[in-house]
Amino acid sequence: MRQAFMAVPREQFVPETVWVVEGGAYRPFHRQSDPLRWARMVYDPVQSIATQVDDGTPAATGGDVPTSSISEPRAVMSMLAELDLHPGHQVLEIGAGTGYNAALMAERTGPGLVTTLEIDPQVARGARTALHQTGHHGVTVVEADGEQGWPQGAPYDRLVATASVTSVPWTWVEQVRPGGLILAPFRTTFCSHGLVRLTVSGDRAEGRFAGALTFMALRGQRTRPRIDALFSARSWEESRESRAAVDLSALANPHAEFAVGLRLSDVAHWSQDGGHWWCSQDSWAYITEGTAYQWGPRDLARETGAAVQWWEDAGRPALFDFGLTVAADGHRVWLGDPSEMWPPAADQVGDTPRTLTAPAPGTGMLA
Ligand SMILES: C[S@@+](CC[C@H](N)C(=O)[O-])C[C@H]1O[C@@H](n2cnc3c(N)ncnc32)[C@H](O)[C@@H]1O
């Protein structure tokens, strides 16, 4: 892949106007206003660049959420390393974005073998233009919802998603040949970083988590419980106050956060202003300076504490120890051995379902 990185001019895939955070909102940044800053951003190995916000319709006061980007070079490289691409491979990418990753893959596979799907018409047009300008005429950019895959080009040797999923669509498995790979950033509502690498066989796709990467969510998988639907002056007054019996410092460990997220997959969690917030469909919790405030039927602080304790007792498993099996009727996470049920029946945390069917979080940080 080194040759591919040398051959593809990343700067030609980055629009003249991108979006940067200033004063708490995304604001347009024009290349001509500071060409050196623009160039530094483009070639910073650990910076993704937002190329669209709010699905292309930001408010006049600024953008809220990035909805398309060129991923950071480090993430692009890690994913391509996991994808194990070979010349002659037929590839489907979900999330064309700028077209940069598709161009890199085409350098490796050879011409006419990469198809990339993009749900946003304007973004798809941009990718097509950039790919033509850099001479990657053999890449096919299709404006389509990637959750359906693209059966016209199946079977694929590799399917790679550059937008994250909470559930791997079965159509993807159906469109990859046996022995082929699916590589996708996987997230729960709680935790957004898990890159899963699945090998397709007759009736399933199965494999381990291969790394920690955070991408924006697939458009159809953005839903998540919203704190503004539950939190009010009244629910604050009604909230239960107690000593926080949970060691939140453990969640700074990405492996712990990932494991806890698998167990509380329907709960959103974030830190803000020195405190921690949780939100499920019917409950919220807030912990600051050792005091927990909770509202609703669930005790999210206790559930988090139990999940952290489980992780400690289980010998602090790493993200790489977990895996995913996708079948026609849904998917299942496992720890260590794909044939063993996880979590064990006697080992449930709160209301955590055994099979993950959680709603996806909204868009967040980008890879
Ligand atoms: C992080 S960007 C992809 C980066 C891209 N691969 C590149 O090299 O620039 C994610 C892209 O996925 C697209 N996307 C989101 N949901 C999608 C869906 N259901 N089908 C196809 N594309 C989708 C977004 O519009 C966005 O452009």
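Glu-289 sits in the loop that runs between S15 and strand S16 (291–295). In this predicted model, the phi angle of Glu-289 is near 45°, a positive value in a residue other than glycine. Most residues other than glycine have a negative phi. Is Glu-289 buried or exposed? Glu-289 counts as exposed, because it has 7 C-beta neighbours inside 10 Å, and the limit for that class is 12 or fewer.

A second residue deserves mention alongside this one. Arg-316 has a phi near 50°, again positive in a residue other than glycine. Arg-316 is placed in the loop between helix H9 (300–313) and strand S17 (322–327). With 13 other C-beta atoms within 10 Å, Arg-316 is partly exposed.

Let me turn to the strands that lead up to Glu-289. Strand S13, residues 268–272, and strand S14, residues 275–279, run antiparallel and are joined by five bridges. One of the pairs is Ala-268 with its bridge partner in S14, Cys-279. The two strands form a hairpin with two residues between them. Asp-273, in the turn of that hairpin, has a positive phi of about 50°.

S14 also pairs with strand S15, residues 284–288, in antiparallel fashion, through four bridges. Here the bridge partner of His-276 in S15 is Ile-287. How many residues make up the connection in the hairpin from S14 to S15? The connection runs through four residues.

There is also a peptide bond to point out. Ala-154 and Pro-155 are joined by a cis peptide bond, with omega about 0°. Most peptide bonds are trans. Pro-155 belongs to the loop between strand S7 (140–143) and strand S8 (156–161).

I now move to the overall division of the protein. It is divided into domain 1, residues 2–162, and domain 2, residues 224–313. The C-alpha centres of these two domains lie 35 Å apart. The largest nonpolar core has 96 residues, and among these Ile-182 and Val-260 touch the most other members. Both domain 1 and domain 2 contribute to this core, with at least three residues from each.

Val-260 can be described further. Leaving aside residues up to four places away in sequence, Val-260 touches Phe-190, Leu-251, Thr-304, Ala-307, Val-308 and Trp-311.

Leu-251 is also touched by Glu-257, which touches Cys-191 as well, with residues up to four places away in sequence again not counted. Glu-257 is found in helix H8, residues 254–263. Why does Glu-257, a charged residue, count as buried? The reason is that 21 other C-beta atoms lie within 10 Å of Glu-257, and the class begins at 20. Between the C-alpha atoms of Glu-257 and Arg-125, which are 132 residues apart along the chain, the separation is 38 Å.

Finally, the ligand. Which of the 27 residues around the ligand come nearest? They are Ser-68, Gly-95, Gly-97, Asn-101 and Gly-146. Strand S4 (66–70), helix H4 (100–109) and strand S6 (114–118) are the elements that give two or more residues to the shell around the ligand. Of these, S4 gives the most, with four residues. By character, the shell divides into 11 nonpolar, 11 polar and five charged residues.

Terms used
Residues numbered from 1 in each chain as written. Predicted model: local features only at pLDDT ≥ 70, side-chain atom pairs only at ≥ 80, totals over all residues. Near = placed C-beta within 6 Å. Nonpolar A, V, L, I, M, F, W, Y, C, P; charged D, E, K, R; others polar. Core = buried A, V, L, I, M, F, W, Y, C linked by C-beta atoms within 7 Å. Domains from an automatic or database assignment. Contact = placed C-beta atoms within 7 Å. Pairing = 2+ DSSP bridges.
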